[in-house]
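Subject: A structure for you to look at

Dear colleague,

I am passing on a structure that I would like you to open and turn around for yourself before you read further. My notes on what was found in it follow below.

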Amino acid sequence: EALSTSREMAGMKVQQAQRVADAQIADMLELKRVAEDSSRAALFEAQEARALADDASFRAERERKQLELSRESHAAEMQERQAEMFSLEAKLKHLALELEAQSAAAKERV
């Protein structure tokens, strides 16, 4: 009977040890699942951050190009205006010379 009781005690200890081991395995599996979920979430956030950074970079480059085109357009306008001013200046000089010539011709007639 003592042997039987000893066997029962040993069996109960084995069952208890098995339950503890099963609980530890379940805890480890839960920790692994949580770690994998966290890893996936971190990867997703990193991908989102990368997409936002790429988008911001694309927009900045587009704005830089638009600014460059605007500057080029402004420079072209300024050159066009300068050319118009030179043309008007040349016309004024031509008119002044014509007026001078007419004035000199009028003086000769008098």
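A word on terms comes first: helices here are DSSP runs of at least four residues in the H or I state, and strands are E runs of at least two, both numbered from the N terminus. With that in mind, and remembering that this is a predicted model, the protein holds one helix and zero strands. Its radius of gyration is 47 Å, whereas the globule rule gives 13 Å for 110 residues, and because the value is well over that figure, the protein is more spread out than a compact globule. The box that its C-alpha atoms fill, taken along the principal axes, is roughly 160 × 10 × 5 Å.

How much of the protein counts as buried? Of the 110 residues, 0% do, where buried means under 20% relative accessible area. The accessible surface comes to about 10300 Å², and carbon and sulfur atoms account for 60% of that.

The charges are the next thing to look at. There are 17 positive and 22 negative charges in the protein, and their mean positions lie 1 Å apart. Side chains of opposite charge can pair when their charged atoms come close. In this model the count comes to 10 salt bridges, and three of the pairs are described here, each with its N to O distance.

In one of them, the side chains of Lys32 and Glu36 meet at 3.9 Å; these two residues are four apart in helix H1, which covers residues 2-109, so they are separated by about one helical turn. Glu36 has 37% relative accessibility and therefore counts as partly exposed.

Another salt bridge joins Arg40 and Asp37 at 2.4 Å, and because these residues are three apart in helix H1, about one helical turn separates them. Asp37, at 30% relative accessibility, counts as partly exposed. Both Asp37 and Arg40 also belong to a network of salt bridges that links them with Glu30 and Arg33, so you may find it helpful to display these four residues together.

Further along the numbering, Glu77 and Arg81 meet in a salt bridge at 3.9 Å. Being four residues apart in helix H1, Glu77 and Arg81 are likewise separated by about one helical turn, and Glu77, with a relative accessibility of 39%, counts as partly exposed.

With best wishes

Methods:
Residues numbered from 1 in each chain as written. Predicted model: local features only at pLDDT ≥ 70, side-chain atom pairs only at ≥ 80, totals over all residues. Heavy atoms only, no water. Rg over C-alpha atoms; globule rule 2.2 N^0.38 Å. Buried < 20%, exposed > 50% of the residue type's maximum accessible area, 1.4 Å probe, protein only. Areas by Shrake-Rupley, 256 points an atom, 1.4 Å probe, with all protein chains shown as cover. Lys, Arg positive; Asp, Glu negative; His and termini not counted. Charge placed at Lys NZ, Arg CZ, Asp CG, Glu CD.
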